[in-house]
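Thank you all for coming. I would like to walk slowly through one structure that may be new to you, so please look at the sequence and the model as they come up.

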Amino acid sequence: MTLRLRLDIAYDGAPFVGWARQPGLPSVQESIETALATLLRLDSVALTVAGRTDSGVHARGQVAHADVPRNRPHPDMIVYAMEKMGITNSGEVVKVGDSAI
């Protein structure tokens, strides 16, 4: 059984080439997927996003989700760990919820 994590995301796009992964370039998608895979101890995590941004564009209220094994940490612990990794700002940048699928 899997857990669907909903992420409500906001970010400063200045250091990124946009949302989408691009080989050898820093993207928002790659940063979040890499952080989630690291803290969930998975080989990879794939995000599905409701929209994308271009290079240097900021976002607030962007929504994405990832399906992960149900035996992973509680969503509150994921937010906490991402904050410690520098991905979020006091739970306001990435908010994580869950639903069974």
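To begin with the outside, how much area does the protein chain expose, and what share of it do carbon and sulfur atoms supply? The protein chain exposes about 5900 Å², and 50% of that comes from carbon and sulfur atoms. I should say at once that what you see is a predicted model, and the values I quote are computed from it.

Let me turn to the overall layout. The protein chain has two helices and four strands, and if you follow the sequence from its start they come in the pattern β-α-β-β-α-β. Of the 101 residues in the protein chain, 40% are buried. If we take the contacts between residues at least 6 apart in sequence, 62% of them join residues that are at least 24 apart.

Now to the interior. The largest nonpolar core holds 24 residues, and the members that touch the most others are Trp19, Ile32, Leu36 and Leu47. At least two residues of this core come from each of strand 1 (2–11), helix 1 (28–40), strand 3 (59–69) and helix 2 (75–84), and helix 1 gives the largest share, with seven residues.

Staying with helix 1, I would like to point out Gln29, which has its place in that helix. Is Gln29 buried or exposed? Gln29 counts as buried, because its relative accessibility is 13% and the cut-off for buried is under 20%. Its side chain reaches the backbone nitrogen of Arg21 at a distance of 3.1 Å. If we set aside the neighbours within four places in sequence, Gln29 is in contact with Trp19, Ala20, Arg21 and Leu47, and two of these names, Trp19 and Leu47, you have just heard among the core residues that touch the most other members.

The other helix shows a sided arrangement. In helix 2, the residues Pro75, Ile78, Val79 and Met82 are buried. Viewed down the axis of helix 2, its buried residues fall within an arc of 100 degrees, so they line one face of the helix. As background, an α-helix has 3.6 residues a turn, so residues three or four places apart point the same way. On the other side of helix 2, Asp76 and Lys84 are exposed.

Next come the aromatic rings. A search of the whole structure finds two aromatic pairs. In one of them, the rings of Tyr11 and Phe16 have centres 6.4 Å apart and planes at 80 degrees, so this pair is edge-to-face. In the other, Tyr11 and Trp19 also have ring centres 6.4 Å apart, but their planes are at 35 degrees, so that pair is tilted. Through these ring pairs, Tyr11, Phe16 and Trp19 are linked into a cluster. Tyr11 is buried, with a relative accessible area of 12%, and Trp19 is buried as well, at 2%.

Finally, which side chain does Thr53 join in a polar contact of 2.7 Å? The partner is the side chain of Tyr11. Thr53 lies in the loop between strand 2 (48–49) and strand 3, and with a relative accessible area of 16% Thr53 is buried. Beyond its neighbours within four places in sequence, Thr53 is in contact with Tyr11, Gly18, Trp19, His58, Ala59 and Gln62, and in this list you will recognise Tyr11 and Trp19 from the aromatic cluster.

Technical notes
Residues numbered from 1 in each chain as written. Predicted model: local features only at pLDDT ≥ 70, side-chain atom pairs only at ≥ 80, totals over all residues. Heavy atoms only, no water. Buried < 20%, exposed > 50% of the residue type's maximum accessible area, 1.4 Å probe, protein only. Contact = heavy atoms within 4.5 Å. Areas by Shrake-Rupley, 256 points an atom, 1.4 Å probe, with all protein chains shown as cover. Core = buried A, V, L, I, M, F, W, Y, C linked by side-chain atoms within 4.5 Å. Polar contact = N/O pair within 3.5 Å; in protein donor to acceptor, adjacent residues only side chain to side chain. Arc of directions from axis to C-beta. Phe/Tyr/Trp six-rings, centres within 6.5 Å; stacked < 30°, edge-to-face > 60°.
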